Protein chains: 2
Amino acid sequence: MATDPPPIGHPEGPEAKVTMREVAIRAGVGLGSVSRVLSGHPAVSESLRQKVLQAVAELDYEPDFTAMSLRRGSTMTVAFLVRDIANPLFSDMVKAAEAILHPVGYSVLLLNSDGDPARDAAHIRLFARRRVDGLIASLATEVHAESLAALRAFKAPVVLVDRHVPEIEASVVSSDHYSGVRAAVKHLAGRGHRRIGLITGPREVLASRERTRGYKAGLRSAGIHYDAGLLQTGAYDADFGTDKTTRLLETDDPPTGIIAGGLMVGYGSLRAIRALGLSVPDQVELVPCDSWPFPELFAPSLSFVHRDASLMGRTAAELLLESIQDGTNREVMLPTEFVTAD
Amino acid sequence: MATDPPPIGHPEGPEAKVTMREVAIRAGVGLGSVSRVLSGHPAVSESLRQKVLQAVAELDYEPDFTAMSLRRGSTMTVAFLVRDIANPLFSDMVKAAEAILHPVGYSVLLLNSDGDPARDAAHIRLFARRRVDGLIASLATEVHAESLAALRAFKAPVVLVDRHVPEIEASVVSSDHYSGVRAAVKHLAGRGHRRIGLITGPREVLASRERTRGYKAGLRSAGIHYDAGLLQTGAYDADFGTDKTTRLLETDDPPTGIIAGGLMVGYGSLRAIRALGLSVPDQVELVPCDSWPFPELFAPSLSFVHRDASLMGRTAAELLLESIQDGTNREVMLPTEFVTAD
DNA sequence: TAGTTTCATGGAAACGTTACCAAGCTCGCG
DNA sequence: CGCGAGCTTGGTAACGTTTCCATGAAACTA
């Protein structure tokens with residue numbers, strides 16, 4: 001007790017941080033033994049274990065993650081790169097992924113790109129310097145050279161969400177946007193619509209391309225001529241949805257059905273329709289993809305192309321863990337579901 | 001060029017990570033000099049700087065954050081502890097905070113408590129082990145001994161969000177729930193309601209107490225007798241809102257106006273009202289606190305007690321940075337705004 | 001009982017960086 | 001022209017872990 005000179009303060013007070021060395025001294029054992037006990041190494045006797053654990057308890061020792069990271073070369077941290085954490089789709093994903101990763105010891109580092117590919121690249125490089133053990137990324141675009149270079153230089157496993165970048169070694173979790181939008185077109189056609197528009201994100205993103213593919217396939221099945229003017233791709237924000245919807249509806253031969261690919265695009269689209277004084281779904285039937293929370297409460301008249309953001313997050317996390325353990329990469333496509341307004 | 005033996009691979013290929021030592025050798029300078037150049041130390045000659053920077057570029061050197069963290073004792077990481085990142089209120093907060101913290105070099109580590117105080121405590125201890133430079137926390141409750149102990153043992157600066165824990169040294173950013181709810185009561189009373197209910201979170205949380213205080217003050221001003229049966233506190237989830245709303249509305253003398261304290265409580269409350277086949281706002285006028293995105297689009301008939309989640313996030317981040325730099329703690333109360341339907 | 005294997009343990013080296021200290025250099029001033 | 005001050009620079013010692021190696025003891029076999 002009187003062996004070591006505690007600074008001044010209370011016994012449990014604002015002492016400086018306790019190191020493993022002090023635990024070893026207190027327990028009267030070697031430094032390596034403390035490490036072995038704490039990291040669950042098999043070759044330790046019960047008596048040694050007890051001595052160490054008691055010293056740990058007495059000193060309130062907390063191991064230092066930074067030292068561990070340096071020595072082990074593993075930070076037990078994974079990075080999540082999204083366009084916008086405030087988007088419910090992404091926040092649900094992050095939450096679900098965290099629920100998988102936390103129990104096995106990983107913490108989640110979060111970064112927003114705001115849809116800016118340059119920021120994507122900078123963020124990926126930052127993650128590399130931080131030596132994260134893995135990365136789940138929803139890139140702003142698939143064709144930004146700097147981002148791809150950063151991704152190639154990135155040593156740890158990568159899971160891409162709804163993106164397809166052939167030259168990058170990564171697992172991929174995507175959604176079956178093709179079928180979802182195809183079903184939406186079929187639904188609209190079945191309700192008599194012949195002029196059906198699609199507004200979605202940039203072509204440089206897998207999700208947008210798949211939606212476009214499903215859109216065209218749906219039109220074909222319904223025997224509706226494809227009108228390039230009714231297909232608007234470009235961005236995922238609400239303003240884009242508002243803008244394109246307004247333009248479409250102000251043409252001479254406006255669509256009576258609109259599929260909005262992307263949650264914020266859907267918001268924007270609905271805003272535009274309301275602003276024009278049109279009723280939904282009587283004058284314009286809007287079918288958003290990626291629903292906001294409680295759609296049955298807040299837009300009961302709308303059908304949706306739904307996807308399970310939590311499932312995506314869980315799947316991404318599981319693929320990442322697999323890749324961290326085995327080094328294997330897989331591609332998983334999750335279903336979308338067309339939900340009809342009652 | 002032929003001086004050092006590169007393993008085998010391509011010049012820019014999957015080489016092992018480059019360390020500072022190799023940069024020093026390549027540049028023909030000392031190890032310390034490389035460090036000085038890269039960390040912007042003033043005492044370096046221009047020629048030395050050039051040599052180092054060139055070697056850095058040639059070798060594609062990326063500094064190792066984990067080593068830096070160990071040596072400097074700073075991880076350039078701050079932790080964000082929230083009840084539910086999928087709640088738009090929190091995701092907006094996190095996004096705004098990140099926007100402040102990232103430009104000055106801090107990364108954000110995210111953890112959910114799911115409203116479980118035990119998880120709060122475990123998370124805080126994890127953050128301590130990870131040696132984060134600061135913590136922004138919205139605790140599940142203010143009275144959980146284990147969480148408070150963890151918080152006391154936490155050495156870095158802390159910012160509490162909408163919580164009041166006198167015995168903890170921390171900055172605080174809170175919202176003026178008192179005035180907001182008071183205005184809501186006034187509004188409802190002005191529209192003729194005499195039976196007004198309040199449903200909100202646990203009493204062990206500042207926000208709930210302030211709402212209760214505002215509620216009672218509002219009733220008093222309006223000359224309405226306070227009926228304890230109309231005040232329901234306990235939790236912040238949607239099911240709580242649904243449950244309490246249903247019970248209130250099924251009593252003999254049900255409220256005609258309901259204030260829902262908390263975004264998810266509001267959701268749940270609306271769900272219950274709809275499920276009972278009652279119309280909003282004609283039969284029951286609901287006033288939620290903390291609006292979901294685009295309330296004017298999705299519930300245009302409702303008035304709201306609004307607060308600026310982004311501003312809260314920004315403020316929390318700024319208080320944290322202040323505290324990291326000066327060690328000073330401050331308390332800031334942000335306004336709420338009562339927004340009338342259309 | 002002696003030799004060999006197994007196992008627990010302590011000590012030292014290493015992870016990649018920063019910070020301190022001392023030494024060399026140049027420059028200025030007397 | 002000589003000496004001290006100031007500015008750069010290189011080397012070394014940490015930071016707190018984990019891992020490897022060697023040692024000693026104990027257990028087992030012959």
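1. Helices (H or I, at least four residues) and strands (E, at least two) are DSSP runs, numbered from the N terminus. A residue is near a molecule or strand if its C-beta atom, placed from the backbone, lies within 6 Å of it. With those terms set, H4(B) gives the largest share of the surface near DNA strand C, five residues.

2. On provenance: this is a predicted model, where local features need pLDDT of at least 70, side-chain atom pairs count only at pLDDT 80 or more, and totals for chains, interfaces and linings use all residues. Residues are numbered from 1 along each chain as its sequence is written, while chains are lettered from A and ligands numbered from 1 in the order in which they are written.

3. The two chains. A turn of 180 degrees with a shift of 0.0 Å along the axis lays chain B on chain A with an RMSD of 0.1 Å. The two copies are thus related as by a two-fold rotation axis. The superposition is by least squares on the C-alpha atoms of residues with pLDDT of at least 70 in both copies.

4. DNA strand C. There are 28 residues around this strand, and Gly30(A), Gly32(A), Ala43(A), Met20(B) and Gly32(B) come nearest. Chain A gives two or more residues from each of H2 (31-38), H3 (46-59) and H4 (65-72); chain B does so from H1 (20-27), H2 (31-38) and H4 (65-72). By class, 13 residues are nonpolar, nine polar and six charged. Here Ala, Val, Leu, Ile, Met, Phe, Trp, Tyr, Cys and Pro count as nonpolar, Asp, Glu, Lys and Arg as charged, and the others, Gly among them, as polar.

5. DNA strand D. This strand is surrounded by 29 residues, the closest being Met20(A), Gly32(A), Ala67(A), Gly30(B) and Gly32(B). H1, H2 and H4 of chain A each give two or more residues, as do H2, H3 (46-59) and H4 of chain B. The classes are 13 nonpolar, nine polar and seven charged.

6. Helix H1 (residues 20-27) of chain A. Its buried residues are Val23(A), Arg26(A) and Ala27(A). Buried means that 20 or more other C-beta atoms, placed from the backbone, lie within 10 Å of the residue's own. Seen down the axis of H1(A), these residues fall within an arc of 90 degrees, so they line one face of the helix. The arc is that of the directions from the helix axis to the C-beta atoms. They pack against H2 and H3 of chain A. Just after H1(A), Gly28(A) has a positive phi of about 70 degrees.

7. The chain contact. It takes 35 residues from chain A and 35 residues from chain B. Residues are in contact if their C-beta atoms, placed from the backbone, lie within 7 Å. H5(B) supplies the largest share of chain B's side, six residues. That side divides into 19 nonpolar, six polar and 10 charged residues. Of the interface residues of chain B, 97% are also interface residues in chain A, so the copies meet through the same surface.

8. Strands. S2 (residues 107-112) of chain A and S2(B) pair in the antiparallel sense over three bridges; pairing requires at least two DSSP bridges. Leu109(A) stands opposite Leu109(B). Within chain A, S3 (residues 134-137) pairs in the parallel sense with S1 (residues 77-82) over four bridges and with S4 (residues 158-161) over three. Leu135(A) is the bridge partner of Ala79(A), and Val159(A) that of Ile136(A). Gly134(A) and Ile136(A) point one way from S3(A), Leu135(A) and Ala137(A) the other way, and all are buried.

Terms used:
Contact = placed C-beta atoms within 7 Å. Buried ≥ 20, exposed ≤ 12 C-beta atoms within 10 Å, placed from the backbone.
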